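Me: Please take a close look at the salt bridges in this one for me. After that, put them into the wider picture of how the helices pack.

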Amino acid sequence: MKCEWVQENILLYVYNELADDARYELEQHIARCADCAAELKASRKFNAVISQFPVEEPPANLLAASRMRLQEGLETAEQGGFWQRLMFDPAAWLRQVRFSPTLAAVIFIIGFAGGIGSAYKIMHGGGGLDLGPGPKPQPTEASISGISSVTQEPGSNQISIKYQTVSTQEAQGSLNDQRIQQLLLFAARNNYNSGVRMDSVDLLTQKPDDTHVREVLMYGLRYDPNPGVRLKALGALGPYVKNDVRVRDAVLESLMNDSNAGLRIQALHLLEPVSADSSVRVVLQKLAQNDQSPYIRSQARRVLTQLPEID
């Protein structure tokens, strides 16, 4: 066994991620190699220092953005790659399982849970698990794999949301229900289905005064790949351009960078009441000179001519 391989895998050894046979060979090598033994000692010391620090939770916006990028990547990825690798190169798959005990344990747990779920459905005729009367547990983002539909019962305030954990579940309640709000916020930022995001944002526009809702609407305006979702978010944020600087900045960002011409025009009209603001004025001056859209250039010039001169 070469020192290069040992040093590349020392961290796996420290975190107990090496297979038993590889672990044994590494230990035998370290017993007779002073350099690798020193490397192992330094790695353990580093691990001990790091473990003393608290584990910080990632910011909600970063988590949401990462999940959305992952879902977009999955939507555009070529289908069947995993199954093709499994079908045509089973040896590589078995090697991966062999040298990753954690992966093997996860596969075992998933299979075991799937077997229990299948047996329960067979015995009880299918359907979701009903725990009987009483409050249902609050869903967490970590436990939700996706949201398949968001519907509102016509003529009422009742909303029905179907979401997946291990199996599809459904939650019902009014827009004031905390569980419904939580699911809508999750769907608006993280769901791979643009129609579900559209329905969620449409419902959330009824409560833009809520801080969390407004954050999600600004996130959708900035990052959602669907222009219809961005337009809905922009319309809901319009009344807050004057008094909320964060909303104003989000609208300015859309005016400068959005790929949808109709959305940019709407953003420009929303900013007219605050065109005297210095940041808005600077953006309008740039648009009046250099924007590729003749209509936006002319509208920016029109707004600027109505502003008082700065002494």
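Reply: Here come the salt bridges, followed by the helix pairs and a few spots elsewhere in the chain.

A bit of housekeeping to start: this is a predicted model, so local features need pLDDT of at least 70 and side-chain atom pairs count only at pLDDT 80 or more, while totals for chains, interfaces and linings use all residues. Residues are numbered from 1 along each chain as its sequence is written, and side-chain values use heavy atoms, with hydrogens and water left out.

Searching the whole structure turns up ten salt bridges (a side-chain nitrogen of Lys or Arg within 4 Å of a carboxyl oxygen of Asp or Glu). One of them pairs Asp202 with Lys232, with 3.3 Å from N to O. These two partners come from distant parts of the chain, 30 residues apart: Asp202 is in helix α9 (residues 194-204) and Lys232 is in helix α11 (residues 227-237). Helices here are DSSP runs of H or I with at least four residues, strands are runs of E with at least two, and both are numbered from the N terminus. How covered are the two partners? Asp202 counts as partly exposed because its relative accessibility is 36%, and Lys232 is partly exposed too, at 31%. For the cut-offs, buried means under 20% relative accessible area, exposed means over 50%, and partly exposed is in between (1.4 Å probe, protein chains only).

Next up is Arg214 with Asp244, whose side chains meet in a salt bridge at 2.8 Å, N to O. Arg214 belongs to helix α10 (residues 211-223) and Asp244 to the loop between α11 and α12, so this pair ties together parts that are 30 residues apart in sequence. Both ends are tucked away: Arg214 is buried at 14% relative accessibility, and Asp244 is buried with a relative accessible area of 10%.

Helix α10 has another contact of this kind, since Arg222 and Glu253 also meet in a salt bridge, again 2.8 Å from N to O. Here the link runs between distant parts of the chain, from Arg222 in helix α10 to Glu253 in helix α12, 31 residues apart. Glu253 is partly exposed, with a relative accessible area of 27%, and Arg222 counts as partly exposed at 32%. There's also a network: salt bridges that share partners join Arg214, Glu215, Asp244 and Arg246.

Now the helix packing. Helix α12 (residues 245-257), home of Glu253, packs against helix α13 (residues 261-271) at an angle of about 140°, with their axes 8 Å apart. Axes are lines fitted to C-alpha atoms, for helices over the stretch in contact, and angles run from 0 to 180 degrees between N-to-C directions. α12 and α13 are therefore oblique to each other (under 35 degrees is roughly parallel, over 145 roughly antiparallel, 65 to 115 roughly perpendicular, and the rest oblique). Their crossing is left-handed, meaning the near helix is turned anticlockwise from the far one by less than a right angle; clockwise would be right-handed.

Further along, helix α14 (residues 278-290) and helix α15 (residues 294-305) pack at about 135°, with axes 7 Å apart. That angle makes α14 oblique to α15, and the crossing of α14 and α15 is left-handed. In the loop between α13 and α14 you'll find Ser275, which is buried at a relative accessible area of 6%. The C-alpha atoms of Ser275 and Ala300 are separated by 9.8 Å, although the two residues are 25 apart along the chain.

Back at the other end, helix α1 (residues 3-14) and α3 have axes that come within 10 Å and cross at roughly 25°. α1 and α3 are therefore roughly parallel, and their crossing is right-handed. In the loop between α1 and α2 (20-32) sits Asn16, which has a positive phi of about 60° although it isn't a glycine. Most residues other than glycine have a negative phi. Asn16 counts as exposed, at 52% relative accessibility.

Last stop: Phe46, in helix α3 (residues 34-51). Phe46 is exposed, with a relative accessible area of 52%, and together with Val49, Ile50 and Phe53 it forms a nonpolar surface patch with about 400 Å² of accessible area.

Definitions and conventions
Patch = residues over 30% accessible without salt bridge, like charges linked within 9 Å, V, L, I, M, F, W, Y side chains within 5 Å. Areas by Shrake-Rupley, 256 points an atom, 1.4 Å probe, with all protein chains shown as cover.
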